[in-house]
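Colleague: Hey, I'm new to this one. Could you pull it up and walk me through it?
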Amino acid sequence: MATLSVLWRIAVAGFCFLAFMVGGIAFTLLLFPLMRLAPGSRAEYERRVRVVVRLSFAALLGVLRVLGLVRIDARNSERLRQMGAVLVLANHPSYLDIVVLIAHIPDGVCVVKAKLWSNPFFGGVVRAAGYIRNDAPEKLVPDCAAKLAQGLPLIIFPEGTRTMPGEPLHFVRGAAHIALSTGVPILPVVLRCEPRVLTKGAAWYAWPPRVARLELDVQACVTPAALVAKKRAGARSLTQALERFFLDRLAMP
């Protein structure tokens, strides 16, 4: 029975990944060009694209839930729906993290790896949605500040990549620089996945024989000054404070 359960999960995961990739190409070649013909500015076009992405991610999660691969437990998720210009910072245990966050955040913009820009399946999607690439440090902060100035929530994983199982969190300073430069509130989101699936280095078909529980724990907004307990926080001290903040909450039952 355990073998059948695993095979079922692999089949469903394979179908979802295939649909994800085919959908990305179809959106880029067919849907997004039609949406561009609608009246409005570039910002309005990007907003329409983000609506499509959000609904697609929500549908993907719905399929995974209904077919018994994942269960999502969200605490204080209403905070994600009542946002303007805010910096959403989350730890990154699983490939599903960005799917869960975008599905819950209306009109969210995210910082993504530059290699996605040339990805044949998702490159057209991230460009059309107005997401921000992370390979140009001199442009990263201004580009993020511009999105926040439009009143958009910005999603960043301070680790820069998924956490390797068994390794401690290690944040880079990019998120801290953005927080200090823009002055917007920080909304921490603590993510847990048990048992771990789609982790860094794991194959897409490495699914456990039971439902994976994804926990989305949305904290209250904080400021850099409150985290560092100083009048003036620097990028290094804020990064260290953010690490401690997440480590403390991940240690809680």
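Modeller: Sure. A term to start with: a salt bridge is a side-chain nitrogen of Lys or Arg within 4 Å of a carboxyl oxygen of Asp or Glu. Also keep in mind that this is a predicted model.

Colleague: OK, how many salt bridges does a search of the whole structure find?
Modeller: The search turns up 14 salt bridges.

Colleague: What does Asp-107 pair with?
Modeller: Its side chain meets that of Arg-47, at 3.0 Å from N to O. The two are 60 residues apart, so to speak of the chain, the pair links distant parts: Asp-107 sits in the loop between helix H3 (97–104) and strand S3 (109–112), while Arg-47 belongs to helix H2 (residues 42–66).

Colleague: Is Arg-47 buried, exposed or partly exposed, and why?
Modeller: Partly exposed, because its relative accessible area is 33%, and that label covers the range between 20% and 50%.

Colleague: What about Arg-133, which residue does its side chain meet in a salt bridge?
Modeller: That one is Asp-135, again listed at 3.0 Å, N to O. Asp-135 is partly exposed, with a relative accessible area of 41%, and Arg-133 is partly exposed too, at 34%.

Colleague: Which residues are linked in a network of salt bridges?
Modeller: Arg-71, Asp-73, Arg-75, Arg-192, Arg-213, Glu-215 and Asp-217. Within that group, the side chains of Arg-213 and Glu-215 meet at 3.1 Å, N to O.

Colleague: And Glu-215, buried or exposed?
Modeller: Buried: Glu-215 has 6% relative accessibility, and the cut-off for buried is under 20%. Its partner Arg-213 is partly exposed, at 30%.

Colleague: Switching topic. How many disulfides are there?
Modeller: The count is 0. A disulfide needs two cysteine sulfur atoms within 2.5 Å.

Colleague: Why is there no bond for Cys-16?
Modeller: Because the closest cysteine sulfur, in Cys-193, is 15 Å from the sulfur of Cys-16, too far for a bond. Cys-16 is buried, at 7% relative accessible area.

Colleague: And Cys-221, how far is the closest cysteine sulfur?
Modeller: 17 Å, in Cys-144, which is also too far for a bond. Cys-221 is partly exposed, with a relative accessible area of 46%.

Colleague: Last thing, helices. At what angle do H6 and H8 pack?
Modeller: At about 115°, with axes 8 Å apart; H6 covers residues 174–182 and H8 covers residues 235–250. The crossing is right-handed.

Colleague: Which residues meet there?
Modeller: From H6, Ala-176, His-177, Ala-179 and Leu-180; from H8, Ala-235, Leu-238 and Thr-239. By class, that contact has 5 nonpolar, 2 polar and no charged residues.

Terms used:
Residues numbered from 1 in each chain as written. Predicted model: local features only at pLDDT ≥ 70, side-chain atom pairs only at ≥ 80, totals over all residues. Heavy atoms only, no water. Axes fitted to C-alpha atoms, helices over the stretch in contact; angles between N-to-C directions. Helix = DSSP H or I, 4+ residues; strand = E, 2+ residues; numbered from the N terminus. Left-handed = near helix turned anticlockwise from the far one by under 90°. Contact = heavy atoms within 4.5 Å. Nonpolar A, V, L, I, M, F, W, Y, C, P; charged D, E, K, R; others polar. Buried < 20%, exposed > 50% of the residue type's maximum accessible area, 1.4 Å probe, protein only.
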